[in-house]
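Visitor: I would like to know how the labels on this model were reached. Please take me through them one at a time.

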Amino acid sequence: MHEMSLAEGIRSIVEETAQAQGFARVKAVVIEVGQLSSVEVESLKFCFDVVMRGTVADGARLDIETVPGTGWCMPCGKSVPIKALYDPCPDCGSYQVQATGGTEMRVVALDVDGAPERAAEGVE
Ligand SMILES: [Zn+2]
């Protein structure tokens, strides 16, 4: 499942950040999901809950911010909003539109418990 590997990717980022910044508990993970990323939000939430079990983000909330899709229309020579990949330009109807924004999913913030502590001994 596509969403499962995305959730595992989020877990790696959370665990690496937790280790680097020394926090023990993550309350919420904020991610951006592009409208063109073909990520199924409901199934991502489900996978997130599953893969976070037993980690610092066990039971954490997944906050999802949607990023609108944008594309570059060749004939118009400008950025246009598009709702799906391979959508035609809303202005001229051309299919020569290249997706330029809203194609990715990324972690933007972690809401953690307590102030990040200085690294444990032996870790820079
Ligand atoms: Zn156009």
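Guide: This is a predicted model. We can begin with Cys73, which has a relative accessibility of 0%.

Visitor: Why does Cys73 count as buried?

Guide: Buried means under 20% relative accessible area. Cys73 has 0%, so Cys73 counts as buried.

Visitor: What makes Cys73 a donor residue of the zinc ion?

Guide: A donor is an N, O or S atom within 2.8 Å of the metal. The SG atoms of Cys73, Cys76, Cys89 and Cys92 coordinate the zinc ion at 2.2 to 2.3 Å, so these sulfur atoms meet the cut-off. Along the sequence, the spacing of the donor residues is C-x2-C-x12-C-x2-C.

Visitor: Why is the site of the zinc ion called tetrahedral?

Guide: Four donors are called tetrahedral if all angles lie between 85 and 135 degrees. Here the angles among the four donor atoms run from 106 to 118°, so the site is tetrahedral.

Visitor: Why does Cys89 count as buried, and why is Cys92 called partly exposed?

Guide: Cys89 has 3% relative accessibility, which is under 20%, so Cys89 counts as buried. Cys92 has a relative accessible area of 41%, which lies between 20% and 50%, so Cys92 is partly exposed.

Visitor: Which label does Cys76 get, buried, partly exposed or exposed?

Guide: The relative accessible area of Cys76 is 31%, again between the two cut-offs, so Cys76 is partly exposed. Cys76 lies in the loop that runs between β3 (70–73) and β4 (78–81). Beyond its neighbours within four places in sequence, Cys76 is in contact with Cys89, Asp91 and Cys92. Asp111 is 35 residues from Cys76 in sequence, and their C-alpha atoms are 42 Å apart.

Visitor: How many disulfides does the structure hold?

Guide: Zero. A disulfide would need a pair of cysteine sulfur atoms within 2.5 Å.

Visitor: What makes Ala57 buried?

Guide: Ala57 has 0% relative accessibility, which is under 20%, so Ala57 counts as buried. Ala57 is in the loop between α2 (41–51) and β2 (61–67).

Visitor: Which residues does Ala57 touch, not counting residues up to four places away in sequence?

Guide: Ala57 touches Val14, Arg25, Val26 and Met52. Ala57 and Val14 are 43 residues apart in sequence, with 7.6 Å between their C-alpha atoms.

Conventions:
Residues are numbered from 1 along each chain as its sequence is written. This is a predicted model: local features need pLDDT of at least 70, side-chain atom pairs count only at pLDDT 80 or more; totals for chains, interfaces and linings use all residues. Side-chain values use heavy atoms; hydrogens and water are left out. Donors are N, O and S atoms within 2.8 Å of the metal (3.2 Å for Na, K and Ca); water is not among the atoms, so sites may look incomplete. Four donors count as tetrahedral if all angles lie between 85 and 135 degrees; four count as square planar and six as octahedral if opposite donors are over 155 degrees apart and all others between 65 and 115; anything else is irregular. Buried means under 20% relative accessible area, exposed over 50%, partly exposed in between (1.4 Å probe, protein chains only). Helices (H or I, at least four residues) and strands (E, at least two) are DSSP runs, numbered from the N terminus. Contact means heavy atoms within 4.5 Å.
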